[in-house]
Amino acid sequence: MAKFTPNPNIRGLAGTFDYSAPTTPAIPQYGQPSYTPSAPYQAPTPYSANTYTSPYYQAPTEFGRPEYQQATPFASPTAGDMQQDPSYQFRLNQGQQALERSGAARGVTNTGGNLKDILDYGQNAASQEYGNIYNRNLTNYNTNEQNRYNTYAMNYGNAANAYNMNEQNRSNAFGTNAGNAFQAYSANELGRSNAYGVNEASRQNAYNTNEANAQNAYATNANANQMQYQTNANQAQQDYNNQFNSWVQSYNQWRQTGADRFNEQYAVATA
């Protein structure tokens with residue numbers, strides 16, 4: 001727009017025009033709101049499984065075998081033992097009685113010959129009967145010792161069978177318990193792993209949701225800020241236009257007043 005230069009003649013008639021034209025308002029620079037992103041997503045700590053501790057099998061206690069009590073050595077019968085033997089006493093009495101009856105029948109009961117026969121019979125009977133007693137005692141000894149050994153062997157077998165059965169049952173129970181312990185460990189680790197995955201997925205989803213909400217809120221605020229800025233700029237332009245139009249009207253009115261007075265003076269002078 002060309003610079004306006006007032007007519008000095010009009011200025012003098014209408015007085016000084018003291019109104020200066022309004023200056024163009026300075027529109028502030030648009031300030032874009034800053035966006036502060038969320039802290040970077042922290043990757044989860046790697047999943048670490050618990051170490052499985054295998055149960056320890058207690059070695060069996062050594063089998064305590066019963067010791068066999070050795071037999072007392074066989075004791076040969078003594079002469080006193082033989083004399084106390086009922087069979088020997090019976091045979092001796094029967095023989096002596098037979099010799100005494102024979103001697104009495106012959107009338108030689110108390111003769112030296114008959115007495116010698118009775119003595120010889122007793123010695124021979126003792127000699128013969130000792131062997132019988134020895135053999136009977138030895139047979140009884142061997143029979144008793146065999147029975148005692150058989151009883152020991154039976155008890156030993158029963159004890160060994162009971163020991164083996166108990167150890168087998170203990171081994172089976174250990175195997176069952178160890179299997180159950182491993183299954184429980186596996187189930188717990190599977191549940192812990194699944195919970196870890198669910199928790200980490202939920203955490204990541206929450207992070208993504210929060211970040212999306214933050215970005216949407218920023219976009220909404222930025223749009224509102226820009227609209228408010230545009231509204232303020234439009235209002236400032238409108239205010240400037242109104243002020244400028246008012247100034248133009250005042251200036252035109254001042255010029256018209258000067259022109260009217262000029263015409264009045266010159267009209268009077270030429271009349």
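**Exercise 1. Decide whether Arg170 is buried, partly exposed or exposed, and describe its salt bridge with Glu167.**

Solution. Begin with accessibility: buried means under 20% relative accessible area, exposed means over 50%, and partly exposed lies in between, with a 1.4 Å probe and protein chains only. Arg170 has a relative accessible area of 29%, so Arg170 is partly exposed. Glu167 has a relative accessible area of 18%, and therefore Glu167 is buried.

Next, look at the pair itself, remembering that a salt bridge is a side-chain nitrogen of Lys or Arg within 4 Å of a carboxyl oxygen of Asp or Glu. The side chains of Arg170 and Glu167 meet in such a bridge, with 3.0 Å from N to O.

Finally, place the pair in helix H4, where helices (H or I, at least four residues) and strands (E, at least two) are DSSP runs, numbered from the N terminus. Arg170 and Glu167 are three residues apart in helix H4, which means that about one helical turn separates them.

A note on the source: this is a predicted model, in which local features need pLDDT of at least 70 and side-chain atom pairs count only at pLDDT 80 or more, while totals for chains, interfaces and linings use all residues. Residues are numbered from 1 along each chain as its sequence is written, and side-chain values use heavy atoms, with hydrogens and water left out.

**Exercise 2. Find which residues Glu167 and Glu145 touch beyond their neighbours in sequence.**

Solution. Contact means heavy atoms within 4.5 Å, and residues up to four places away in sequence are not counted here. Glu167, which lies in helix H4, is in contact with Tyr57, Pro60 and Thr61 once its neighbours within four places are left aside. Glu145 lies in helix H4 as well, a helix that covers residues 112-269, and Glu145 touches Tyr68 and Ala71.

**Exercise 3. Describe the salt bridge of Arg148 with Glu145 and that of Arg203 with Glu200.**

Solution. The structure holds four salt bridges, among them these two pairs. In the bridge between Arg148 and Glu145, the N to O distance is 2.8 Å. Because Arg148 and Glu145 are three residues apart in helix H4, about one helical turn lies between them. Arg148, at 29% relative accessibility, counts as partly exposed, whereas Glu145, at 19%, counts as buried.

Now turn to Arg203 and Glu200, whose closest N and O atoms are 3.0 Å apart. Arg203 and Glu200 are three residues apart in helix H4, so they are separated by about one helical turn. Arg203 is partly exposed at 34% relative accessibility, and Glu200 is buried at 19%.

**Exercise 4. Describe the protein as a whole, and state where confidence in the model is lowest and highest.**

Solution. First, count the elements: the protein has four helices and zero strands, and from the N terminus on they run α-α-α-α. Second, consider burial, where 13% of the 271 residues count as buried. Third, among contacts with a separation of 6 or more, residues 24 or more positions apart account for 91%.

Last, read the confidence through pLDDT, the predictor's confidence in each residue, from 0 to 100. The mean pLDDT of the protein is 77, and 72% of its residues reach 70 or more. Confidence is lowest in helix H1 (residues 8-14), at a mean of 52, and highest in H4, at 84. Where pLDDT is low, the predicted coordinates should not be read in detail.
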